[in-house]
Amino acid sequence: MYPAASGPAGPAGPRLPLAFDSFLYLRPDHQALQPNAGPVLSFYLEDAAAGRTVAQLHVALDAAAETAHSPAQAPFGAVQLAAGVGAGPLHALLAAAETALAHRGAKRLALRGYPFAYDPAGAAVLAETLRQRGYRVALAEQNYHLDPARNYEAHLHPSERRRLHKCRRHGLLFEQEPPLLLPAAHDFIRACRQERGYELSLSLARVQELFRRFPREHFLFSVRQPNGDWAALTVAIRVSEGVLYNFYPASPLRCNALSPVVLLNEGLHAFAQASGLAVLDLGTSTLDARPNASLLRFKRHLGAVAGLRLSWEKAMGE
């Protein structure tokens, strides 16, 4: 076990090489960009015989609220495991983390897990181990993803297939855009979200910083009309070697008749397939922690597969 507190350069990295491909949000260089009021404690489970780190957990402390969160600010945190790691070693990692957090005054630990589709075996081991340790499920969500190995159009609902064909007839095209267009793209996405009563979670400066620091993991994709105007946009994130996340899809209400997001997802599906990815994550379908019925229906009509995503909480000492 290797516990380490963050320093001036940010969260500490592992002493031994990882035995798995780290999710982007759990990498120390990404953790360093996640705003947080207090220090970040990192816990690495090591297999000395193999010379590898086989699990990692990063927890952000908030002394004022006496809480600890994983992640500080990212779609998910919690524990990532190498293949084959069982409940026994995971119990040891979590026990060490809980003890260290309690010594620093934390009264509560909240973990937001990754979608089960990212690593079904690891997510199942984590969920069962947390249950045994007295964590309660604070939030259970349905997360939807597309399988790039499946034919996109063949699995569309007939209504969405008609919309896809309509996009093609009207000359709409899927494109990858250069990062220099991020200011205009951010304005476009924000305006589309505001039309529908939503706000953007990230500022333009934050999005630009992520593109600058992680250029191989962040992409800007669009659907353009024949006159060059944008009909849809999204920021997509390569979360790992196997996962592409459709993070910020947006389309203006004026384009509803064309439904360009169907074409946008076709392009993302083709990109994921060409890149050898196993999961195109479409995210959850919630609004104010409640199911968003229209978004749920749309993702199902795209042929998306439903999976589980869990968040847990525990009071220290339980």
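1. Arg224 belongs to strand S9, which covers residues 218-224. In this predicted model, Arg224 is buried, because its relative accessible area of 18% falls under the 20% limit used for that class. A polar atom of the Arg224 side chain lies 2.4 Å from the backbone oxygen of Gly228. Once residues up to four places away in sequence are set aside, Arg224 touches Gly171, Leu172, Leu173, Glu175, Glu177 and Leu181, and also Asp229, Trp230 and Ala231. The reader may wish to look at the distance to Gly228 and at these surroundings together.

2. Thr234 is placed in strand S10, residues 230-240, and is buried with a relative accessible area of 0%. The side chain of Thr234 is joined to that of Asn246 by a polar contact of 2.5 Å. Asn246 also appears among the residues in contact with Thr234 when neighbours within four places in sequence are left aside, a list that further holds Phe219, Leu220, Phe221, Phe247, Tyr248, Pro249, Leu264 and Leu268.

3. Gln31 lies in helix H1, which spans residues 28-31, and counts as buried at 5% relative accessibility. The side chain of Gln31 has a polar atom 2.8 Å from the backbone oxygen of Tyr25, and Tyr25 is also one of the residues that Gln31 touches, the others being Pro11, Leu26, Val40 and His58, not counting residues up to four places away in sequence. The C-alpha atom of Gln31 is separated by 15 Å from that of Arg212, although their positions lie 181 residues apart along the chain as a separation in sequence.

4. The pairing of helix H2 (residues 87-103) with helix H3 (residues 120-132) has an angle of about 60 degrees, and the two axes are 10 Å apart. That angle makes H2 oblique to H3, and the crossing of the two helices is right-handed. On the H2 side the contact is made by Ala87, Leu90, His91 and Leu94, while H3 supplies Val125, Leu126, Thr129, Leu130 and Gln132. Sorted by class, the residues of this contact comprise six nonpolar, three polar and no charged ones. As general background to reading such lists, an α-helix has 3.6 residues a turn, so residues three or four places apart point the same way.

5. What residues form the contact between H5 and H6, and at what angle do the helices pack? Helix H5 (residues 182-195) packs against helix H6 (residues 204-213) at an angle of about 130 degrees, with 10 Å between their axes. The two helices are therefore oblique to each other, since 130 degrees lies outside the ranges for roughly parallel, roughly perpendicular and roughly antiparallel pairs. The crossing of H5 and H6 is right-handed. Leu182, Pro183 and His186 of H5 meet Leu204, Val207, Gln208 and Phe211 of H6, and by class this contact has five nonpolar, two polar and no charged residues.

6. The loop between strand S4 (67-70) and strand S5 (80-81) deserves a separate look, and Pro71 is placed in it. The peptide bond leading from Ser70 to Pro71 is cis, with omega near 15 degrees. Ala78 is found in the loop between S4 and S5 as well, and its phi is near 65 degrees, which is a positive value in a residue other than glycine. Is Ala78 buried or exposed? Ala78 counts as buried, at 0% relative accessibility.

7. A positive phi in a residue other than glycine is also found at Ser259, where the value is near 55 degrees. Ser259 is located in the loop that runs between strand S11 (243-246) and helix H7 (260-274). With a relative accessible area of 13%, Ser259 is buried.

8. The remaining point concerns helix H8 and the residue that follows it. Within H8, residues 293-301, the buried residues include Leu296, Lys299 and His301. Just after H8, Gly303 adopts a positive phi of about 85 degrees.

Note on methods. Residues are numbered from 1 along each chain as its sequence is written. This is a predicted model: local features need pLDDT of at least 70, side-chain atom pairs count only at pLDDT 80 or more; totals for chains, interfaces and linings use all residues. Side-chain values use heavy atoms; hydrogens and water are left out. Helices (H or I, at least four residues) and strands (E, at least two) are DSSP runs, numbered from the N terminus. Buried means under 20% relative accessible area, exposed over 50%, partly exposed in between (1.4 Å probe, protein chains only). A polar contact is a pair of N or O atoms within 3.5 Å; within protein, one must be able to donate a hydrogen and the other to accept it, and residues adjacent in sequence count only if both atoms are side-chain atoms. Contact means heavy atoms within 4.5 Å. Axes are lines fitted to C-alpha atoms, for helices over the stretch in contact, and angles run from 0 to 180 degrees between N-to-C directions. Angles under 35 degrees count as roughly parallel, over 145 as roughly antiparallel, 65 to 115 as roughly perpendicular and the rest as oblique. A crossing is left-handed if the near helix is turned anticlockwise from the far one by less than a right angle, and right-handed if clockwise. Ala, Val, Leu, Ile, Met, Phe, Trp, Tyr, Cys and Pro count as nonpolar, Asp, Glu, Lys and Arg as charged, and the others, Gly among them, as polar.
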